[in-house]
Amino acid sequence: MNRTEVERLLHEGRSARAIAAELHVCAKDVAALRTELGLPPARSGRAATPLAELFQQRTRPVEGGHLEWTGHRTNSGVPALRHGGRLHTAYRVAYRLRTGRDPVGKVTAGCDHPGCIAPNHVDDQRDRATYRAVLGA
């Protein structure tokens with residue numbers, strides 16, 4: 001089983017049965033991974049819009065390769081969206097889109113554009129620690 005691809009589809013809100021059919025893997029293994037990741041059950045009925053698509057619908061490209069958020073913000077001003085019954089920050093979604101994994105710790109943009117959520121511009125705590133170690137900072 002290609003765990004990375006299964007995780008990506010689970011985060012998109014796909015059902016274990018749909019993932020199993022698409023990737024030719026065991027639905028029970030997919031369901032077990034959903035539980036391991038702490039993800040809610042897939043909703044029945046209408047297929048959920050993939051998280052990546054929801055993210056793209058709520059962004060606007062700006063000069064310099066930056067992305068600005070046009071969607072919902074939390075009470076504290078953090079760009080966020082709901083998917084699979086959970087609230088996701090745009091920063092964490094951007095990170096997942098670029099790396100295929102959940103970020104460790106806080107995700108921030110490394111560029112100078114305020115509020116940038118371009119996937120290629122965000123790093124998690126582990127990335128920043130690695131950069132500091134490599135650069136000796």
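Which element supplies the largest share of the lining of the second largest pocket? In this predicted model, that share comes from α1, which contributes four residues. The pocket itself, second largest in the structure, holds about 240 Å³ of space. Its lining is made up of 13 residues, of which Arg8, His11, Arg96, Leu97 and Gly100 are the closest to the pocket centre. Two or more lining residues are given by each of α1 (3-11), α4 (51-57) and α5 (90-99). Sorted by class, the lining of this second largest pocket comprises six charged, four nonpolar and three polar residues.

The nonpolar interior was examined next. The largest nonpolar core contains 16 residues, and the members that touch the most other members are Phe55, Trp69, Leu81, Ile117 and Val122. At least two residues of this core are supplied by each of α4, β2 (66-69) and α5. The largest share, five residues, is that of α5. Helices α4 and α5 thus recur in the description, as elements that give two or more residues to the pocket lining and at least two residues to the largest core.

Among the core members named above, Leu81 was considered in further detail. When neighbours within four places in sequence are left aside, the contacts of Leu81 are Leu51, Leu54, Arg58, Trp69, Arg86, Leu87, His88 and Val93. One of these partners, Trp69, is also listed with Leu81 among the core residues that touch the most other members. Apart from the largest core lies another, formed by ten residues, including Val6, Leu9, Ala16 and Leu39.

Conventions:
Residues numbered from 1 in each chain as written. Predicted model: local features only at pLDDT ≥ 70, side-chain atom pairs only at ≥ 80, totals over all residues. Heavy atoms only, no water. 1 Å grid on protein atoms, 1.4 Å probe; cavity = no way out; pocket = protein on both sides within 12 Å on 5 of 7 lines; lining within 4 Å. Points joined across faces, edges and corners; volume = space filled by probe spheres on them. Nonpolar A, V, L, I, M, F, W, Y, C, P; charged D, E, K, R; others polar. Core = buried A, V, L, I, M, F, W, Y, C linked by side-chain atoms within 4.5 Å. Buried < 20%, exposed > 50% of the residue type's maximum accessible area, 1.4 Å probe, protein only. Contact = heavy atoms within 4.5 Å.
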